[in-house]
Amino acid sequence: MSMSEQPSEPQADEPQRDLAGLASANPSGTAEAAQRESDERWVVPDGQVASPEALLSELGGVSTSSPVGRLAATVERLSREVRAAQAEAEGRALIELAKGVLIERLKCGPAQAARQLSELAEQAQVSPLELAVDVINQAARDRMSEVTDAFLAATRASDEAEAESAAVRLRAAESGVLAADDTQAVADALLEQALRPLGAVAVAIWAAGPDGSLTLAGSAGFSLAEATRWRYVPPEVVTVARRGLVEREGHWITALKETGLPTIGLHHHPDGGRAALPAGTGGRVHGVLEIAWPEPLEPQRPQIVRQVEALAELCAHTLEMYTPLPTGAQEPRVVPDAAELMDLADGLHDPALVLVPHLDQGGHLVDFRIQHVNDRFLDPAGRPRAVVNGALLLEAYPMAAGDSELFQRVERVYATGEPFRARRMSLTALVDQVPLSAIADISISRHGTSVLLIWRIEDETARLASLLQNAQRLGRIGGFEENVLTGEITWNGQLFDLYGRPQSSTPVPLEELPVHAHPDDGVSIRRFLRTLLHHRRPASAAFRLQRPDGVTRHIRIVAEPVLDTDDRLLLVRGACQDISAQHWTEVALAATRDQLAHTEQQATERNRLTLQLQHAIMPPTQAPLQVAGLQVAVRYRPAETEQLVGGDWYDAVVLPSGMVLLCVGDVAGHGIEAATSMVVLRNALRGLAVTGAGPGQLLSWLNIVAHHLTGAVTATAVCGLYDPQRRTLRWARAGHLPPVLVRDAEAAPLPLGSGLLLGAVPEAAYEEKEMQLAAGDTLLMYTDGLIERRDRPVEESLTHLLTTARAAPTTLDQQLDRLLTYSRSDTDDDTCIVGIRVG
């Protein structure tokens with residue numbers, strides 16, 4: 001049974017097409033006719049037809065927001081819709097062909113074959129189209145089957161999905177070629193179905209003449225002007241197609257510009273690759289298939305080469321029947337007339353009218369004649385088709401020129417060719433001087449010299465049904481109804497999807513619900529059934545549904561009994577909702593709450609331990625250091641926020657040599673890591689100080705400790721050694737703020753010495769400074785927590801510190817307390833101060 005002989009079954013679930021797309025579809029069903037129709041609208045002054053792109057170029061790059069630009073964009077969009085509709089039809093043709101094979105082999109009817117194809121596709125976990133291709137391949141065993149089987153075998157190990165899609169593409173291309181009316185439609189089918197997925201952007205089919213000439217039989221992806229220039233290639237002219245005709249294995253070109261060969265579309269894709277393969281059957285070459293890529297072409301896999309060779313063989317079958325036009329003859333333009341438009345209107349699912357212009361004696365448009373109304377026509381006033389058919393538009397609908405502006409819209413579409421669509425436009429018919437109105441979706445488009453008017457009158461029942469269907473889909477709700485007397489069960493499509501079962505399968509009765517649920521949910525389901533069926537009361541339950549595909553879904557079922565007049569149970573109706581997402585969200589939220597509580601507890605314990613460690617090593621108050629002729633005081637203010645516990649540290653200790661070690665430091669970071677690093681550095685400096693080394697050497701050794709022995713921490717520090725006998729201070733700094741000297745009511749920072757922060761590099765040297773102190777001098781060492789502000793530079797904060805330090809109270813302790821009290825720091829960081837006053 002051939003494809004044309006297959007019985008055609010209506011597709012109940014086929015989505016309704018876009019009104020504008022249906023209105024612009026060409027009656028012949030070919031992309032060539034649609035293209036030629038759009039070309040008819042674009043005529044330049046010298047009589048040559050130009051494409052929309054060419055016309056926009058001639059107009060100097062007209063914006064798409066202009067009327068001409070919008071019209072060009074509309075033509076392009078409608079062309080894409082035509083190609084998409086054609087591809088969909090070719091896919092259905094493959095499925096119908098596979099159903100015919102099953103009818104022949106299984107000796108069954110069309111409905112059984114369709115159900116068998118759907119069940120087999122579900123079991124194989126492939127789409128019905130892919131399974132249809134497999135069935136056709138097994139039944140045909142032709143050249144296309146060999147290519148697809150070879151490609152499938154070569155790529156199954158790496159990418160089985162790619163192999164399946166390649167097989168579908170080839171068979172879809174074959175279907176498109178067989179359904180095409182001419183070679184132009186063949187080119188469109190090859191490009192859209194098989195070559196564009198391979199990255200190609202254009203294709204040309206050349207017919208070889210007996211004298212060695214080449215005639216462009218069909219092309220896709222090239223402009224009309226380009227195709228017109230290359231309509232005929234005389235003999236002996238070397239082109240890419242000529243190379244493909246001579247080289248029997250095909251001619252593959254990496255980059256077109258490197259060959260210097262002329263060909264169609266050379267200026268548009270000069271850097272792209274090309275392939276030209278002879279199109280022949282039975283040892284005879286009928287022409288050449290030429291394919292264009294926009295980018296340089298890499299060496300192709302053998303499987304791809306076989307695909308292209310099979311496509312060339314398809315072209316050969318078409319070229320066998322091709323008869324070139326005589327030289328100089330013009331190909332007739334396909335413009336749909338009113339008769340063809342009437343056929344198109346009869347194939348639409350919406351009410352449609354075919355309008356032809358009605359001119360006065362002067363040739364001016366005054367009205368439109370309703371040439372034809374299709375069998376789905378629905379008059380807003382309820383009048384029969386015969387009353388409207390043949391009448392003038394303004395006679396049948398005089399209110400069309402009123403507020404609805406329907407006539408003006410039709411007139412504009414006829415004048416400009418730009419389609420018009422509107423939702424919820426008011427249609428008013430005047431019957432016996434009584435205006436009757438209806439709300440409709442309108443689509444108006446021009447086809448040649450005729451206009452197609454489509455209206456879809458709003459049906460409140462259908463609109464509410466669509467609203468309910470969408471609500472069920474969005475809420476993942478499936479409805480059911482079960483007759484307890486007859487056992488008849490009705491499910492909607494959404495419920496089949498929830499159960500993971502094909503719509504051709506048998507619905508599951510309520511009594512068998514425990515079989516499909518998790519064993520642990522059996523008690524709640526039986527309680528639900530007892531309440532519903534025995535007590536005959538509405539009931540609900542939540543359970544885990546175990547689907548045939550192994551997926552477990554969380555379902556909430558709600559049902560109610562329906563009783564007859566004798567209070568007997570007649571049927572049960574209800575709904576199931578997939579609440580899996582809600583369930584897992586609740587589980588995730590509960591786990592997150594537990595984790596947050598655990599993390600908060602850990603953070604609290606960690607901060608408590610950090611504070612205990614810090615206070616154990618550096619208590620906020622410390623006994624004063626007893627040194628003859630020297631007052632020593634220290635202050636430590638911990639961070640106000642426990643999470644910001646840092647690594648600030650200080651030390652003031654008398655060494656065995658009689659020298660006094662004075663130091664402050666700040667470890668980078670916060671938390672227990674900073675506190676433990678501070679302990680290491682503080683104790684290390686105490687141990688190193690007993691060696692008698694100077695402050696510069698002590699910081700060099702401390703840098704080695706910070707870099708190698710503490711996990712590569714970084715810190716700043718100031719280290720000083722005070723000699724009570726000579727009243728001299730030697731000090732060095734490692735990236736820290738300089739000490740402040742207060743003398744005679746004046747305060748100034750000590751001169752800076754060079755020195756990197758601790759731990760930055762493996763080895764570092766630190767410059768020492770020495771100064772002579774006098775009686776009454778006060779020296780202050782501090783960390784940045786005393787002066788640092790988020791909104792002020794350090795220099796400004798240091799100036800404020802010097803101003804505060806000048807007003808020296810009577811005792812050193814009072815002076816340190818004053819500095820903490822009047823500190824403007826706002827970083828909530830730790831603060832350490834070491835002060836000495838020479839007696």
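1. Helix 19 (residues 522–534) lies across strand 14, strand 15 (552–563) and strand 16, and its direction makes about 140° with that of strand 14. Helices (H or I, at least four residues) and strands (E, at least two) are DSSP runs numbered from the N terminus. Axes are lines fitted to C-alpha atoms, for helices over the stretch in contact, and angles run from 0 to 180 degrees between N-to-C directions.

2. The model is a predicted one, in which local features need pLDDT of at least 70 and side-chain atom pairs count only at pLDDT 80 or more, while totals for chains, interfaces and linings use all residues. Residues are numbered from 1 along each chain as its sequence is written, and side-chain values use heavy atoms, with hydrogens and water left out.

3. Strands 14, 15 and 16 belong to an open sheet of five strands, ordered 13-12-16-15-14, with antiparallel pairing. Two strands pair if DSSP finds at least two bridges between them. Strand 13 (489–491) and strand 14 (539–546) are the edge strands, each pairing on one side only. Direction ignored, neighbouring strands of this sheet are turned by 20° against each other on average. Within the sheet, strand 12 (residues 477–483) is joined to strand 16 (residues 569–578) by seven bridges, and Phe480 stands opposite Gly574 in strand 16.

4. A further open sheet has six strands in the order 3-2-1-6-5-4, again with antiparallel pairing. Strand 3 (232–233) and strand 4 (251–253) are at its edges with a single partner strand each, so one side of each is left without a neighbour in the sheet. Strand 5 (residues 274–281) and strand 6 (residues 284–292) are paired over eight bridges; Leu277 stands opposite Leu289 in strand 6.

5. Two helices pack on this six-stranded sheet. Helix 9 (residues 183–195) touches strand 1 (202–208), strand 2 (214–220) and strand 6, at about 50° to strand 2. Helix 12 (residues 302–319) touches strand 1, strand 2, strand 4, strand 5 and strand 6, at about 50° to strand 5.

6. The largest nonpolar core has 29 residues, of which Trp649, Leu681, Leu685, Leu699 and Leu758 touch the most other members. Two or more residues each come from strand 20 (660–670), helix 21 (672–689), helix 22 (695–708), strand 21 (715–723) and strand 22 (728–734). Helix 21 gives the largest share, seven residues. Such a core is a set of buried Ala, Val, Leu, Ile, Met, Phe, Trp, Tyr and Cys residues joined through side-chain atoms within 4.5 Å. Buried means under 20% relative accessible area, with a 1.4 Å probe and protein chains only.

7. Leaving aside neighbours within four places in sequence, the contacts (heavy atoms within 4.5 Å) of Leu758 include Leu699, Leu702, Val713, Ala734 and Tyr766.

8. Strand 21 and strand 22 form a hairpin with four residues between them, and Arg727 in the turn has a positive phi of about 55°. Six bridges join the two antiparallel strands, and Asp723 stands opposite Thr728. Strand 22 also pairs in the antiparallel sense with strand 25 (residues 769–772), over four bridges, with Leu729 opposite Met771. Six of the seven residues of strand 22 are buried.

9. For the chain overall, there are 24 helices and 27 strands. Of its 839 residues, 45% are buried. Among contacts with a separation of 6 or more, 60% are between residues 24 or more positions apart.

Definitions and conventions. Buried means under 20% relative accessible area, exposed over 50%, partly exposed in between (1.4 Å probe, protein chains only).
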